[in-house]
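Please open the model in your viewer and keep the selection tool at hand, as this tour goes from one selection to the next.

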Amino acid sequence: MEPEVVAALWGFGGAAMGAGGAFLGTWVQQRHQAQMEQKRREEARADLLEERGRTAADKALTELYDLRRHVSTWKVGMSAEERNQWYQTGYDHTYSAELNAALIPEANELRERLRDALEVVRTSMDVDAWQSEHEPYLSHFDAEHSIALLSAYMRGDSLPTPTSREKRETTQREMREEGWAEEDRRRSNPS
């Protein structure tokens, strides 16, 4: 074989190896950059969800504090219209707090507990508004419990023990949900 041909083959082989190495290096670098970009996007999304969750929790807590403040406006001897307005305003605060809590990501236990606790508050406000002629002790206590639930979650503490009325509401809700599920099963399997 001619020395020029051997030199050309060695040169071609070196060029092919160099091109292959450059291609492999580029591919590895792009793959690494893509992985880093994916990780950055995931972290940014997690940060965004955390920020949105914190904002929703802050709004829910504000509604609960407004509820507690509103409950304190109760006066013995209010007219039926004033009682209706008092109840409706309190109901609106509980509803807004529940809606905001629904936006908190990865907080299923909190949402269920808070939903039940707020239903207890609504029931207590109904009792305080229409079945008693004293200060709204039940409503105030139950609003405080709802605040304690959300505050504990926001601090990262374990949730407080459910009150007896919250436990009763949870049991009633679970029974309603089981009844609805059974009714859905009967409708889907009419045998």
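Begin by selecting Glu-166, Glu-169, Thr-170 and Arg-173, which are the buried residues of helix 5, where buried means under 20% relative accessible area with a 1.4 Å probe and protein chains only, and where a helix is a DSSP run of H or I with at least four residues, numbered from the N terminus. This is a predicted model, in which local features need pLDDT of at least 70 and side-chain atom pairs count only at pLDDT 80 or more, while totals for chains, interfaces and linings use all residues. Residues are numbered from 1 along each chain as its sequence is written, and side-chain values use heavy atoms, with hydrogens and water left out.

With those four residues still shown, add helix 3 and helix 4, against which the buried residues of helix 5 pack.

Next, select Leu-64, Leu-67 and Val-71 in helix 1, which meet Leu-114, Leu-118, Val-121 and Met-125 in helix 3, a meeting that rests on contact, meaning heavy atoms within 4.5 Å. Leaving aside neighbours within four places in sequence, Leu-67 also touches other residues, including Gly-90, His-93 and Ala-143.

Finally, colour the largest nonpolar core, which has 28 residues, such a core being a set of buried Ala, Val, Leu, Ile, Met, Phe, Trp, Tyr and Cys residues joined through side-chain atoms within 4.5 Å. The elements that give two or more residues to this core are helix 1 (3-71), helix 2 (80-101), helix 3 (108-130) and helix 4 (137-155), and the residues with the most contacts inside the core are Leu-64, Leu-67, Trp-86, Ile-104 and Leu-150.

Technical notes: Buried < 20%, exposed > 50% of the residue type's maximum accessible area, 1.4 Å probe, protein only.
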